[in-house]
Amino acid sequence: MKESVFALVDCQSFYCSCEAVFEPRLWKTPLAVLSNNDGAIVALNDAAKEIGVKKFEPFFKFRHLIHSANLQVRSSNYALYNDLSLRVMENLERLSPSVEHYSIDEAFISLAHVSAQSRDDYARKIRATILKHVGIPTRIGIGETKTLAKVAQHFTKLSPDLEGVLDITGSPQQEELLASLAIADVWGIGQRWGRFLTAEGIDTALKLRNARDAWVRQKLTVVGLRTCLELRGYSCLHLELKAPTRKSMMVSRSFGQPVRSLDELKEAIATFTAKAALKLRREQLAAGMMTVFAHSSRFKQNYYKNSAKCQFWLASNYTPTLLKYAMPLVEQIWREGVEFKKAGVLLTHITQEGVIQLSLFEDYASMDSKPKQLMLAIDDLNSRYGRDWVRFAVMGLEQRWQTRAQFRSNRWTTRWDEVMVIKA
């Protein structure tokens, strides 16, 4: 039986790299990507870090650097990021028999089919292939377990001399690396457990690796014990080749300007509901419960938040049905005089579309395939001509509440009207 060998492929400064693929000058220019509504900084490249820009800080603190230090700013462009992420994953699936899509910019792959002598060269082939085919630079950490692969990948960020690849499988260097890795930086530990372990005298990954099993299980449960064993080289976390079925689905947004009328709040909730329904259909799922919520700004007086929920007789992904349930919920949470800052829709009781639990209170004799055919037609038109090209009237037309995206780049790969044009 072959030993397990995992590689973690991490896209380097992913959001910034996606922007730079289509604007090459951004590779060496300070660049910050903003959160929804252009409120905070969520991604930076190295050049931006060098001029003092900090991640997760409010954008207004660094706006002056646009003129004084040539800081470039982009609004989040998730259509572009998701599309390039899929292209990265498609390339990985051609290079490895087993790929786990861990996040939008990370994937675990199996290298058990590659000999120990060839692993470094194979990892560099992966980096070169993704850079050539997608344009995204990557870093790759390799280890006997997923946790050790994470450790190796962490150090590729700190050591440019490694040129993006570090294999610590069976390496005597492991102990030195674990001794220099802060406990809070260990995958699966985080800040809360990190503070607790530091107070207990376990402030590095090496000390956790060497801790007694009984103590770790008592203090950190079986989850912490798995992490401990993984640091010792015992693989406890296998590749998840199929994403687990969702337990919930949420669509929410901060508003570009305060929402002061019931009609506008209904427009927003209807738009979020339609988007959630589309996600359900794409994943062949249906929802049995809906929660609608909204709140005003936390930074203003008389902060107000409210939510309302209802359960459906029959789980559904049919947009008109979900809208029928959503609109009365909006009226329940509405309060006159409140300036709403954010709202959203949460769908729960998720089930597979083909195994919906039937209800005693529905007339199944009258059910036919027309609703499904209608949604297939609408989804197809919107896919061809652009999001919400066909929409339900309650979603409105102007949508003045829409999230601000003042600095958004083109959706180069997903919208025909925004595709790059090269003039001769």
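The exercises below concern a predicted model of a protein, and each task is followed by a worked solution.

**Exercise 1. The second largest pocket**

Task: State the volume of the second largest pocket, and find which residues lie nearest its centre and which element supplies the largest share of its lining.

Solution.
- Step 1. Start with the volume, which is about 860 Å³ for the second largest pocket.
- Step 2. Turn to the lining, to which 32 residues belong. Nearest the centre of this pocket are D10, S13, K49, R139 and K157.
- Step 3. Assign the lining to elements. At least two residues each come from β1 (6-11), α1 (14-22), β3 (41-44), α2 (46-50) and α6 (146-158).
- Step 4. Pick out the largest share: α6 supplies it, with six residues.
- Step 5. Sort the lining of the second largest pocket by class. There are 13 nonpolar, seven polar and 12 charged residues.

**Exercise 2. A salt-bridge network**

Task: Which residues are joined with E23 into one network by salt bridges that share partners?

Solution.
- Step 1. Recall the general idea: side chains of opposite charge can pair when their charged atoms come close. The cut-off used here is 4 Å between a side-chain nitrogen of Lys or Arg and a carboxyl oxygen of Asp or Glu.
- Step 2. Check R25 and E23. Their closest N and O atoms are 3.5 Å apart, and the two residues form a salt bridge.
- Step 3. Check E23 and R74. This salt bridge has its closest N and O atoms 3.0 Å apart. The pair links distant parts of the chain, with E23 in the loop between α1 and β2 (31-34) and R74 in strand β4 (residues 72-75), 51 residues apart.
- Step 4. Classify the three residues by accessibility. R25 has 46% relative accessibility and therefore counts as partly exposed. E23, at 16%, counts as buried, and R74, at 10%, also counts as buried.
- Step 5. Join the pairs through their shared partners: E23, R25 and R74 make one network.

**Exercise 3. A salt bridge between a strand and a helix**

Task: Which parts of the chain does the salt bridge between D167 and R119 tie together?

Solution.
- Step 1. Take the distance. The closest N and O atoms of D167 and R119 are 3.0 Å apart.
- Step 2. Place each residue. D167 is in strand β8 (residues 165-167) and R119 is in helix α5 (residues 119-133), so the salt bridge ties together parts 48 residues apart in sequence.
- Step 3. Add the accessibility. D167 has a relative accessible area of 23% and is partly exposed, whereas R119, with 8%, is buried.
- Step 4. Set this bridge in context: the structure holds 24 salt bridges.

**Exercise 4. An aromatic cluster**

Task: Classify the ring pairs F14 with Y15 and Y15 with Y81 as stacked or tilted, and name the members of the cluster.

Solution.
- Step 1. Note the total, which is 16 aromatic pairs.
- Step 2. Take F14 and Y15. Their ring centres are 6.2 Å apart and their planes meet at 50 degrees, so this pair is tilted. Both residues are buried.
- Step 3. Take Y15 and Y81. The distance is 4.3 Å centre to centre and the planes are 15 degrees apart, which makes the pair stacked. Y15 belongs to helix α1 and Y81 to helix α4 (residues 78-95), with their positions 66 residues apart in the chain.
- Step 4. Check burial. Y15 has a relative accessible area of 18%, and Y81 has 0%; buried means under 20%.
- Step 5. Name the cluster: F14, Y15, Y78 and Y81.

**Exercise 5. Charges over rings**

Task: Over which rings do K146 and K324 lie?

Solution.
- Step 1. K146 lies over the face of F108, and its distance from the ring centre is 4.8 Å.
- Step 2. K324 lies over the face of Y325, at 5.2 Å from the ring centre.

**Exercise 6. Positive phi angles**

Task: Where are F56 and E163 located, and are they buried or exposed?

Solution.
- Step 1. Read the angles. F56 is not a glycine but has a positive phi of about 70 degrees. E163, also not a glycine, has a positive phi of about 55 degrees.
- Step 2. Locate the residues. F56 is in the loop between α2 and α3 (65-68), and E163 is in the loop between α6 and β8.
- Step 3. Classify them. F56 counts as exposed at 60% relative accessibility, and E163 counts as exposed at 54%.

Note on methods: Residues numbered from 1 in each chain as written. Predicted model: local features only at pLDDT ≥ 70, side-chain atom pairs only at ≥ 80, totals over all residues. Heavy atoms only, no water. 1 Å grid on protein atoms, 1.4 Å probe; cavity = no way out; pocket = protein on both sides within 12 Å on 5 of 7 lines; lining within 4 Å. Points joined across faces, edges and corners; volume = space filled by probe spheres on them. Helix = DSSP H or I, 4+ residues; strand = E, 2+ residues; numbered from the N terminus. Nonpolar A, V, L, I, M, F, W, Y, C, P; charged D, E, K, R; others polar. Buried < 20%, exposed > 50% of the residue type's maximum accessible area, 1.4 Å probe, protein only. Phe/Tyr/Trp six-rings, centres within 6.5 Å; stacked < 30°, edge-to-face > 60°. Lys NZ or Arg CZ within 6 Å of the ring centre and 35° of its normal.
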